[in-house]
Amino acid sequence: MDISGAASDMSGLASGAGGLIASAFVVAGYTMRTMIPLRIVGIITNVVFIIYALSHRNYPIVALHMILLPLNVYRLREMLVLVRNVKRSVSGNLSMNWLKPFMTERRCEVGEVLFYKHELAKEMFYIVSGRFRLVESGIELPVGAIVGEFGMLSPDNERTQTLECVEKGLVLSVTYQKVEELYVQNPEFGFYFLRLVSARLFQNVGRLEAQVAALSGKPSP
Amino acid sequence: MKLPVDFRLLKERYLGAASRKSWVAEERMTELVPYLPPETADIVRRAVASLMAYQDPDYALLYLNRVGRFAGPGKEPCAFLGDLASRMETRMLYADPASVAQAALAEDGDGNASAPRGASFCLCDLAGLLPPNAADTALQVMAYLRLSQRAVVLKFPAHAGWKRRWTEGTALLRHTRNHSRRARTENAWVERWLHMIDRVRTVQPPAVIGMVQTADIVSGSGADYHRDLANWNVIVDRLVKPVCDGVVTPIDLAAALRVVLHAAADRPEPAMLQVHIDRLIADRPL
């Protein structure tokens, strides 16, 4: 019995199976519809390919997957952190600070108008510093406020007020397109985002009811 | 040429192809027209046609949506709508190299081309053709070199030959116009004008026609245009906005606007107009 020949056959079989398994993971990756499962399958594919390519001493493939692995891990972590933060906001203070990593800075001068009433809404803002006033209602927005989040969900996408800078400051902005992308890539995020925006809307309704009650002299229900 | 469905979907995703069809603007116009007086409806129809030729149906749709802020179901008919619609058309058809080249080619197409069409622009206007980020950097460099206000006269011959290629090439810039710094500035200008009309309408309704007419002082291109725009901003910042905010003693804004617009017609320096407005407010009896 030729033991070395049998061992060589087994090693060829194992090698072929390894290649097949790695390829199966690539195919599985392409079938994923949403971001988190895609990244998880991507990470498994990277690991399988690294082992497979190391056994064949195929170093360019090893190098490629060594680059892709941390990238997939980073993106997966980003998505998981986003979902966790949105969940916390829903059950906590309803803040939208979790959007900050996806926002870009914009410096504003006194008198600069960020958007006008009736203008087509394309982005929302987070106030970092300075003073900003809603012109029509005269309401001054505090630092840390998010403004413009309802424009994304309103049917006509129109601004309902004008936002003016009354003291030089800094805002962070994120386009609705970016939020939509996060929403579509990650249904769990989308679900909690809807709950969060609805909760903020109910909070506003409650505040208005209290104001109406105070004006009419009746206790709010 | 009709693209395969996947490419059409990609185009729609990234370029908004669904609304880049003339029927979208035409449908919106059909919805709006019953709420417009007949003469205003004619102005709007002409404006939609010219804005489609100037830019694209999306741009005409933007115009219609802006007109729709003042007319539509459940909205009070405005007496100033005709004045507003015609002036808004003029402002949205602002002069830039692409529009002058387009006009030269259109004249040639009509068979009445004579001398080459030309217009004076500042170097900052040419930088304004770039996307906002690139334009801002270019403008900073120009400001450092003190070249921003340097005048450049561009001529656009429409006769056959390589000079016509230059005109045709410049006219093609209309496809990138919407993504330029100039488009963003012009859009902000029109929005501010509409916003101030809305505020004046609430605070001093008789002055609203004067506010609509302030758009008349901004015209042309190059240095004249920049001076007009600076004057317009002076009128809004020193007169209209303080009155709307209630930070100056109440004055008859309609009368004040008549005086100021008369003064601004001669294209004074913005500083002179500012002095004129300050004096006007100070002289008003309480």
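These legends accompany several close-up views of a predicted model with chains A and B.

**View 1. Chain A from end to end.** Welcome to chain A, which has 5 helices and 6 strands. Along the sequence they follow the pattern α-α-α-β-β-β-β-β-β-α-α. Of the 221 residues of chain A, 22% count as buried. For contacts in chain A with a separation of 6 or more, 72% join residues 24 or more positions apart.

**View 2. Where the two domains of chain A meet.** The domain assignment splits chain A into domain 1 (3–91) and domain 2 (97–187). The C-alpha centres of these two domains of chain A lie 40 Å apart. Their contact draws on 9 residues from domain 1 of chain A and 5 residues from domain 2 of chain A. On the domain 1 side, α2 (35–55) and α3 (59–91) of chain A each supply at least two residues. Of these helices, have a good look at α3(A), which gives the most to that side, with 6 residues. By class, the side of domain 1 of chain A that touches domain 2 of chain A has 6 nonpolar, 3 polar and no charged residues.

**View 3. The contact between chain A and chain B.** Here 5 residues of chain B are in contact with 6 residues of chain A. What classes of residue does chain B bring to the side that touches chain A? There are no nonpolar residues on that side of chain B, 1 polar residue and 4 charged ones.

**View 4. Chain B as a whole.** Chain B has 15 helices and 2 strands. Along its principal axes, the C-alpha trace of chain B spans about 70 × 50 × 40 Å. For 286 residues, a compact globule would have a radius of gyration near 19 Å, and the 21 Å of chain B agrees with this. Of the residues of chain B, 34% count as buried. Residues 24 or more positions apart make up 71% of the contacts in chain B with a separation of 6 or more.

**View 5. Domains 2 and 3 of chain B.** The assignment for chain B gives domain 1 (1–93), domain 2 (97–177) and domain 3 (181–286). The C-alpha centres of domain 2 of chain B and domain 3 of chain B lie 29 Å apart. Domain 2 of chain B puts 15 residues into the contact, and domain 3 of chain B puts in 9 residues. Both β1 (117–122) and α8 of chain B supply at least two residues each to the domain 2 side. The largest share of that side, 4 residues, comes from β1(B). Sorted by class, the side of domain 2 of chain B that touches domain 3 of chain B has 9 nonpolar, 3 polar and 3 charged residues.

**View 6. Helix α8 of chain B.** Is α8(B) largely in the open or largely buried? Of its 14 residues, the number buried is 1, so α8(B) lies largely in the open. The helix covers residues 132–145 of chain B, and its end C-alpha atoms are 20 Å apart, in agreement with the 20 Å expected at 1.5 Å a residue. Just after α8(B), look for R146(B), which takes a positive phi of about 55°.

**View 7. Helix α5 of chain B and the loop before it.** With 12 residues, α5(B) reaches 16 Å from its first C-alpha to its last, close to the 16 Å expected at 1.5 Å a residue. Its buried residues are L81(B), L84(B), A85(B), R87(B), M88(B), E89(B) and M92(B). They pack against α3 (38–54), α4, α11 (181–203) and α12 (208–213) of chain B. In the loop between α4 (57–67) and α5 (81–92) of chain B you will find A79(B). A79(B) is exposed, because 11 other C-beta atoms lie within 10 Å. The C-alpha atoms of A79(B) and P37(B) are separated by 9.2 Å, although the two residues are 42 residues apart along the chain.

**View 8. The nonpolar cores.** The largest nonpolar core has 50 residues, and those with the most contacts inside it are V48(B), Y63(B), I197(B), V200(B) and M211(B). Helix α13 (residues 222–245) of chain B gives the most to this core, with 7 residues. Domain 1 (1–93) and domain 3 (181–286) of chain B both give residues to this core, so it lies between them. Leaving aside neighbours within four places in sequence, Y63(B) is in contact with A47(B), V48(B), L51(B), M88(B), E89(B) and M92(B). A second, separate core of 25 residues includes L114(A), F115(A), C165(A) and F193(A).

Note on methods: Residues are numbered from 1 along each chain as its sequence is written. Chains are lettered from A and ligands numbered from 1 in the order in which they are written. This is a predicted model: local features need pLDDT of at least 70, side-chain atom pairs count only at pLDDT 80 or more; totals for chains, interfaces and linings use all residues. Domain bounds come from an automatic or database domain assignment. Two residues are in contact if their C-beta atoms, placed from the backbone, lie within 7 Å. Ala, Val, Leu, Ile, Met, Phe, Trp, Tyr, Cys and Pro count as nonpolar, Asp, Glu, Lys and Arg as charged, and the others, Gly among them, as polar. A residue is buried if 20 or more other C-beta atoms lie within 10 Å of its own, exposed if 12 or fewer, and partly exposed in between; C-beta atoms are placed from the backbone. The expected span of a helix is 1.5 Å times one less than its number of residues. A nonpolar core is a set of buried Ala, Val, Leu, Ile, Met, Phe, Trp, Tyr and Cys residues joined through C-beta atoms within 7 Å. The radius of gyration is taken over C-alpha atoms; the globule rule is 2.2 Å times the number of residues to the power 0.38.
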